[in-house]
Amino acid sequence: MKKALILAILWTAFIATSCLLPASAFKKFTFDSLLQLDKLIHLLLYFVLVTLWLLAFKNIDFKKKLLVLLASFFYGLLIEYIQSATHLGRSYELDDVISNTVGCIIGLLCFNGIKKLVPLIKKYLPFIQKEY
């Protein structure tokens, strides 16, 4: 259980550091943003965030699911606020908040299916044998 929690914390920190890097740290990308690749990345980041935090809990009930969903949503809002308050070439974007939220909701909705895959994952990834 400890490793699952550590993984969830590290992913949370990864989101913060990657979303708070100065805009100049990224190369300019076009193709018309490849269907807004940025938004797809936000969705994926928050899908994984919710999934990892839910996996970090042993017994998951509705209350814990709601807590993880709300905490992840407000974490995304906080990141966007920090981006707008700092002068790193980043800005608050409502589209990012929407993508984050959709990723959180999809993560929550897919969680039961993902949890059912854990035995299969354990079979092929023995280093997580004791986690779930």
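The following is a dialogue about a predicted model of one chain.

Student: What is the secondary structure of the chain?
Tutor: The chain has four helices and zero strands. From the N terminus on, the order of elements is α-α-α-α.

Student: How many residues does the chain have, and what share of them counts as buried?
Tutor: There are 132 residues, and 30% of them count as buried. The cut-off for buried is a relative accessible area under 20%.

Student: What makes the pair of tryptophan 11 and phenylalanine 14 tilted rather than stacked or edge-to-face?
Tutor: The structure holds two aromatic pairs. In the pair of tryptophan 11 and phenylalanine 14, the ring centres are 5.2 Å apart and the planes stand at 40°. Centres within 6.5 Å make a pair, while planes under 30 degrees apart would be stacked and planes over 60 would be edge-to-face. An angle of 40° fits neither, so the pair is tilted.

Student: Where do tryptophan 11 and phenylalanine 14 lie along the chain?
Tutor: Both belong to helix 1, residues 2-19. They are three residues apart, which means a separation of about one helical turn.

Student: Why is the pair of phenylalanine 73 and phenylalanine 74 given another name, edge-to-face?
Tutor: Their ring centres lie 5.1 Å apart, with the planes at 75°. That angle is over 60, so the pair counts as edge-to-face.

Student: Are the residues of these pairs buried, partly exposed or exposed?
Tutor: Tryptophan 11 has 24% relative accessibility, phenylalanine 14 has 40%, and phenylalanine 73 has 27%. Partly exposed covers the range between under 20% and over 50%, so each of these three is partly exposed.

Student: How do you know that cysteine 104 is buried?
Tutor: Its relative accessibility is 1%. That is under 20%, so cysteine 104 counts as buried. Cysteine 110, at 33%, is partly exposed.

Student: How many disulfides does the structure hold?
Tutor: Zero. A disulfide would need a pair of cysteine sulfur atoms within 2.5 Å.

Student: Which residues make the nonpolar surface patch?
Tutor: Tyr92, Leu94, Ile98, Val102 and Ile106 make a patch of about 420 Å². One of them, leucine 94, lies in helix 4, residues 94-124.

Student: What makes leucine 94 exposed?
Tutor: Leucine 94 has 51% relative accessibility. The cut-off is over 50%, so leucine 94 counts as exposed.

Student: What supplies the exposed area of the chain?
Tutor: The chain exposes about 8,900 Å², and carbon and sulfur atoms supply 73% of that area.

Terms used: Residues numbered from 1 in each chain as written. Predicted model: local features only at pLDDT ≥ 70, side-chain atom pairs only at ≥ 80, totals over all residues. Heavy atoms only, no water. Helix = DSSP H or I, 4+ residues; strand = E, 2+ residues; numbered from the N terminus. Buried < 20%, exposed > 50% of the residue type's maximum accessible area, 1.4 Å probe, protein only. Areas by Shrake-Rupley, 256 points an atom, 1.4 Å probe, with all protein chains shown as cover. Phe/Tyr/Trp six-rings, centres within 6.5 Å; stacked < 30°, edge-to-face > 60°. Patch = residues over 30% accessible without salt bridge, like charges linked within 9 Å, V, L, I, M, F, W, Y side chains within 5 Å. Salt bridge = Lys/Arg side-chain N within 4 Å of Asp/Glu carboxyl O.
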